[in-house]
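Q: Could you take a close look at the salt bridges in this model for me? I would like to see how the charged side chains pair and what surrounds them.

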Amino acid sequence: FLLFRLFDVWKPWPVSALDRWKTGAGVVADDLAAGLWAAATYALLVHLLRAVPGCSPAAAFWCLELLP
C-alpha cells in the first residue's frame, strides 16, 4: 500500500500524463498506472533481496516480510 501511495502522490511518467485526463477514466487510469509502478517496484525489491547472501525465507525477519 505504501508503494502505491508513493507513486500515486509522486506521479512518475505515465501516471502524471494519465492524471491530466480530467475524466473519470483518467482517475482510474492514473491509479492503475501507480499500482503497476508499485507492483514492479515490489517485484524488483523481492528479486534483489533474493540475491542477498543469507536472505532466504528462513533467514532474518526483514527478509520474511518481503519474500513470499
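A: Happy to help; here is a walk through the salt bridges and their surroundings. This is a predicted model, in which local features need pLDDT of at least 70 and side-chain atom pairs count only at pLDDT 80 or more, while totals for chains, interfaces and linings use all residues. Residues are numbered from 1 along each chain as its sequence is written, and side-chain values use heavy atoms, with hydrogens and water left out.

For orientation, the chain has four helices and zero strands; helices (H or I, at least four residues) and strands (E, at least two) are DSSP runs, numbered from the N terminus.

The structure holds three salt bridges, each defined as a side-chain nitrogen of Lys or Arg within 4 Å of a carboxyl oxygen of Asp or Glu. In general, side chains of opposite charge can pair when their charged atoms come close.

Let's start in helix α1 (residues 2-10), where Arg5 and Asp8 sit three residues apart, about one turn of the helix. Their side chains form a salt bridge at 3.0 Å, N to O. Asp8 counts as buried because its relative accessibility is 13%, whereas Arg5, at 35%, counts as partly exposed. Here buried means under 20% relative accessible area, exposed over 50%, and partly exposed in between (1.4 Å probe, protein chains only).

Asp8 also pairs with Lys11, at 3.6 Å, N to O. Lys11 is partly exposed, with 23% relative accessibility. Lys11 in turn meets Asp30 in a salt bridge of 3.0 Å, N to O. This last pair links distant parts of the chain, with Lys11 in the loop between α1 and α2 and Asp30 in helix α3, 19 residues apart. Asp30 counts as buried because its relative accessibility is 4%. Through shared partners, the salt bridges join Arg5, Asp8, Lys11 and Asp30 into one network.

Next, the nonpolar surroundings. Val15 touches Asp30, and also Phe7, Ala33, Ala34 and Trp37, not counting residues up to four places away in sequence; contact means heavy atoms within 4.5 Å. Val15 belongs to the largest nonpolar core, whose seven residues also include Phe7, Leu18, Ala29, Ala33, Ala34 and Ala38. Such a core is a set of buried Ala, Val, Leu, Ile, Met, Phe, Trp, Tyr and Cys residues joined through side-chain atoms within 4.5 Å. α2 (15-19) and α3 (24-50) each supply at least two residues of this core, and the largest share, four residues, comes from α3.
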